[in-house]
Amino acid sequence: MSQMAVTITCGECGSGIHVLPTKDAEKTQCEVCHTEAPLNFDDNHFQGILKDCPCCGRKDFYKQKDFNRKVGVVLFIIAAIASIWTYGLSLIALWLVDLLLFKRLPLIAICYKCQSIFRNVSNIEEIYDFNHEMNDRIIYSDHDFKGEQLDH
Ligand SMILES: [Zn+2]
Ligand SMILES: [Zn+2]
């Protein structure tokens, strides 16, 4: 079992800050703008269990594939341009690569409130997919679901 890895989004400049859950990690600092962010790791985090967000203290997370959208867009543009000479075959090739890669991508958990990203989460199966209504209510009206999944 590999250790959980956390990527915090800096509240000031939006940069990603990488941290590992350790007992003495009580705060971290953004490498770009040097803003400090407090951290609150507990025994769950040391075991890779995600129940509380170490950054904002919320309990609402969603899971998704660890997919780099920017890379995907660049690959699509290359394939689209190449399709002029390959009569569309490059697009079919990209679709196949995408299909194979996507299946093998690991799952990550993301905090709705502060956008922190969690990798190697051992209880990832307990975390639901992205929910638009929950996201809107957390982001725009600061609602706290306290870990209860909204489903209807
Ligand atoms: Zn920053
Ligand atoms: Zn959070």
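Student: Leaving aside its neighbours within four places in sequence, which residues is Phe 61 in contact with?

Tutor: This is a predicted model. In it, Phe 61 is in contact with Leu 50, Ala 109, Ile 110, Cys 111, Tyr 112 and Ile 127, once neighbours within four places in sequence are left aside.

Student: How should such contacts be read, and which residues have the most contacts inside the largest nonpolar core?

Tutor: In soluble globular proteins, nonpolar side chains tend to be buried together. In this structure the largest nonpolar core has 17 residues, and Phe 61 is among those with the most contacts inside it, together with Cys 55, Ala 109, Cys 111 and Phe 118. Two or more residues of this core come from each of strand S1 (5-9) and strand S6 (107-111). The largest share, 4 residues, belongs to S6.

Student: Why is Ala 80 classed as partly exposed?

Tutor: The class rests on a count of surrounding C-beta atoms: a residue is buried if 20 or more others lie within 10 Å, and exposed if 12 or fewer do. Ala 80 has 13 within 10 Å and is therefore partly exposed. Ala 80 lies in helix H2 (residues 69-86). Its C-alpha atom is separated by 6.3 Å from that of Leu 91, which stands 11 residues apart from Ala 80 along the chain.

Student: How many helices and strands does the chain have, and in what pattern?

Tutor: The chain comprises 4 helices and 7 strands, and along the sequence the pattern reads β-β-β-β-α-β-α-α-β-β-α. Of its 152 residues, 16% count as buried. Among contacts between residues at least 6 apart in sequence, 54% join residues at least 24 apart.

Notes
Residues are numbered from 1 along each chain as its sequence is written. Chains are lettered from A and ligands numbered from 1 in the order in which they are written. This is a predicted model: local features need pLDDT of at least 70, side-chain atom pairs count only at pLDDT 80 or more; totals for chains, interfaces and linings use all residues. A nonpolar core is a set of buried Ala, Val, Leu, Ile, Met, Phe, Trp, Tyr and Cys residues joined through C-beta atoms within 7 Å. Two residues are in contact if their C-beta atoms, placed from the backbone, lie within 7 Å.
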